[in-house]
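User: I'd like a close look at one helix and how it sits against the rest of the model. Keep it informal, but spell out the cut-offs, then zoom back out.

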Amino acid sequence: MKMIPMKQDELIRLNSTISKPISGMTPPENLTVSEWADKKRRLSPESSAEPGPWRTTRTPYLRDIMDAFSDAKVRRIVFVSSSQSGKSEFENNVIGYIIDEDPGSILFIHPHTGDAKEYSKLRIAPMIRDCPSLRSKVADPKSRISENTILQKSYPGGLLSMCGSTEAHSLASKPIRYVIGDERDRWATSAGKEGDPWKLAMARQITFYNSKAIEVSTPTIKGASAIESSYLEGTMERWNVECPHCGNYHDIKFSDIRYEYVTEVIQQKKHYAVTKIWYICPGCGCISTEREIKKQPAKWVAENPNAYQRGVRSFWLNSFVSPWATWESTILEYLYAIGSAEKLQVVYNTRFGELWENRGDLEDEESVMARREEYPADAELPDGVIVLTAGVDTQDDRLEYEVVGHGRFGETWGIESGILIGRPDSDEVWNDLDNAVIDRVFRFEGGVGLKVSLTFVDEGGHFTHEVRQQCRDRILKKVFAVVGSNKFNAPYTSPPRTQKIVINKKMIGYCYRYDIGVSAGKQIIMDNLRVQTPGAKYCHFPKRDDYGHSFFSQLLSEHLTYDPKLKQPWVWKKIPGHERNERLDCRNYALAAFKALPVDLDAIARRLHEAREGKPSEGVATTPKAKTKGRGGGEAAFERFYDDW
Ligand SMILES: [Zn+2]
């Protein structure tokens, strides 16, 4: 059986990175922005932790972004970035380059006038002071002949004007060759009554055949992010790091970073210390350290390289590759933010460089994940579990499953969640499912075990009849095909019905299939996830990799929406950014299986108790666990309680 680690999402990563140099059209006598910066830029002590000469090698991911500016083919650059990755220095280098190498007027727009003033004082003025070539061109604002102010700097061939996004009058006047927008996502949606400030600024560039526009921002909220929309119009490049083990390139994501930490409560306040951090490659599953990852070769990989032909390059960067932001500091910030949506949004935007989403009254995935607990070290089942069911989701190239333990009063335990690679029309993947789930004995401490009492397998997708056939072959093991109904009022489960099995146009028999009201199931799952204390309806999850970030991201991937225009206005929809939801489906089928199971929990619990106290009842597996480590095979197992319908 092949197990692969679950991935947060599987972006189609095009290997066709835009190969360097794409600046072939730049006349050779001109410097690129990175060359200019390496030659002439000095970092100022006010704004940099590392004052002195600029070195592009320190932040290699900025090289392509800077040089896109000196590429004649590129008219627009979009840079989405976490904090502490050097995005302001990118803007500064471009401004220095313009003044020094390719002068023209610049409109540099910030969210508010105050931001523009602060930026000018803290970053622009010191840059001009510390770079001799700029100092000689930009007149000193203190000198009597100077026209320069905080918000305006003149130089031969142009004028740098800085303003806030609300100042319509500055946006709608003179023509401008270069427009730079800082913190785009924090701009006013309208400049006074004049409308979208970005459009106003772009309108001023029309007269220039060689105009350039730059948008830079930390991302904010999903569905309401201007920089996200702009990013989608460009080449959509992500900084991919080569895995030291398999050689594949991956975007470093928080969901692939694992950590351990200790908590100490001092004066009723929680304090955290991270004790161990490692990275798991989503391709090969091998482990690397932060040091190793930050030293590896890396490159921009474009998801939409064709946008280069339209002159738009867009880049998205998080803080995990920044030389200044340690992973430990990011993890700590995240730990301290758990429980507060506001603080988590800041961590998502400024550290993970990811969009935040508003979930209404749904539990957020971090809070649920933070509730994970240690299960007994050498057993698969925690106390409290009485019955096991499984849900299997069918995809074209794999089966995904979850085994769920059920206790009294709707309390549940996530027992195991996994992926089996293989097409659903091959026997091999079904044999893997037998070994991993259906025939396996899951054991309590002490060795008594349970088998899965009922398994529901989704027959939706491209292999409906193959799934039916495989389920029919396993009817004695209580494996059934199910079909989900999205009708809002459909009952969660209804009695099974006979269905034909037709393979290669040949009718080969019949099977039973259950209809599942998936909306009802989703509501139960979301309601139960809101329960905060162990007991009735509480959902337990183990502190393990198969219940990691991606599990919870998928489990909480949908929310109930209301659209009065629809005949049935209540609809469960995927939350943007949560394209995968297999974990939610698996959980839904496993819960439906429990619902369909006519069991007397008290009776089973009694017998289970006797078995564990050493008075074995018939049918309860009591093989000592030492002998049965690993996957259970054909041992006597806990009898199935499910009689034929
Ligand atoms: Zn790898």
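Analyst: Let's start with burial: a residue is buried under 20% relative accessible area, exposed over 50% and partly exposed in between (1.4 Å probe, protein chains only). This is a predicted model, so local features need pLDDT of at least 70 and side-chain atom pairs 80 or more, while totals for chains, interfaces and linings use all residues. Numbering runs from 1 along each chain as its sequence is written, and side-chain values use heavy atoms, with hydrogens and water left out.

The helix I'd pick is α18, residues 601-612. Helices and strands are DSSP runs numbered from the N terminus (H or I, at least four residues; E, at least two). The expected span of a helix is 1.5 Å times one less than its residue count. The 12 residues of α18 should therefore cover 16 Å, and its end C-alpha atoms are indeed 16 Å apart.

Which residues of α18 are buried? They are Leu-601, Ala-603, Ile-604, Ala-605, Leu-608 and Ala-611. As background, an α-helix has 3.6 residues a turn, so residues three or four places apart point the same way. The cover over the buried residues of α18 includes strands β16 (387-395) and β20 (449-450), together with helix α17; contact here means heavy atoms within 4.5 Å. After α18 comes Gly-614, with a positive phi near 95 degrees.

Now for α17 itself, which takes in residues 582-595. With 14 residues, α17 should span 20 Å, and the distance between its end C-alpha atoms is 20 Å, so the two agree. Of those 14 residues, 13 are buried, so α17 is largely enclosed by the rest of the structure. You'll find a similar story in α3: its 15 residues reach 21 Å from first C-alpha to last, close to the expected 21 Å. In α3, 14 of the 15 residues are buried, so the rest of the structure largely encloses that helix too.

Zooming out, the protein has 18 helices and 27 strands. Buried residues account for 55% of its 645 residues. Take the contacts between residues at least 6 apart in sequence: 71% of them join residues at least 24 apart.

A few individual residues make that picture concrete. Tyr-401 belongs to strand β17 (residues 398-406) and is buried, with a relative accessible area of 0%. Its C-alpha lies 9.3 Å from that of Ala-436, which is 35 residues away along the chain. Gln-345 sits in helix α11 (residues 341-351). Leaving aside residues up to four places away in sequence, Gln-345 touches Thr-220, Ile-221 and Trp-356. Gln-345 and Glu-357 are 12 residues apart in sequence, with 8.1 Å between their C-alpha atoms. Asp-196 is in the loop between β7 (178-181) and α7 (197-203), and at 31% relative accessible area it is partly exposed. From Asp-196 to Thr-166 is 30 residues along the chain and 9.5 Å from C-alpha to C-alpha.

The zinc ion deserves a stop as well. Its protein donors are the SG atoms of Cys-243, Cys-246, Cys-281 and Cys-284, at 2.3 to 2.4 Å. Donors are N, O and S atoms within 2.8 Å of the metal (3.2 Å for Na, K and Ca), and since water is not among the atoms, sites may look incomplete. The angles at the zinc ion run from 106 to 113 degrees, which makes the arrangement tetrahedral (four donors, all angles between 85 and 135 degrees). Along the chain the donors follow the spacing C-x2-C-x34-C-x2-C. Cys-243 is in the loop between β9 (237-242) and β10 (249-251) and Cys-284 in the loop between β12 (269-280) and β13 (287-288), so the pair ties together parts 41 residues apart in sequence. Cys-243 is buried at 5% relative accessible area, whereas Cys-284, at 31%, is partly exposed.

Last, some backbone angles to check. Most residues other than glycine have a negative phi. Met-236, in the loop between α8 (226-232) and β9, has a positive phi near 55 degrees, and its 14% relative accessibility makes it buried. Lys-478 also has a positive phi, about 60 degrees. Lys-478 is in the loop between α14 (464-473) and β22 (479-485), and it is buried with a relative accessible area of 10%.

Terms used. Tetrahedral: all angles 85-135°; square planar, octahedral: opposite > 155°, others 65-115°.
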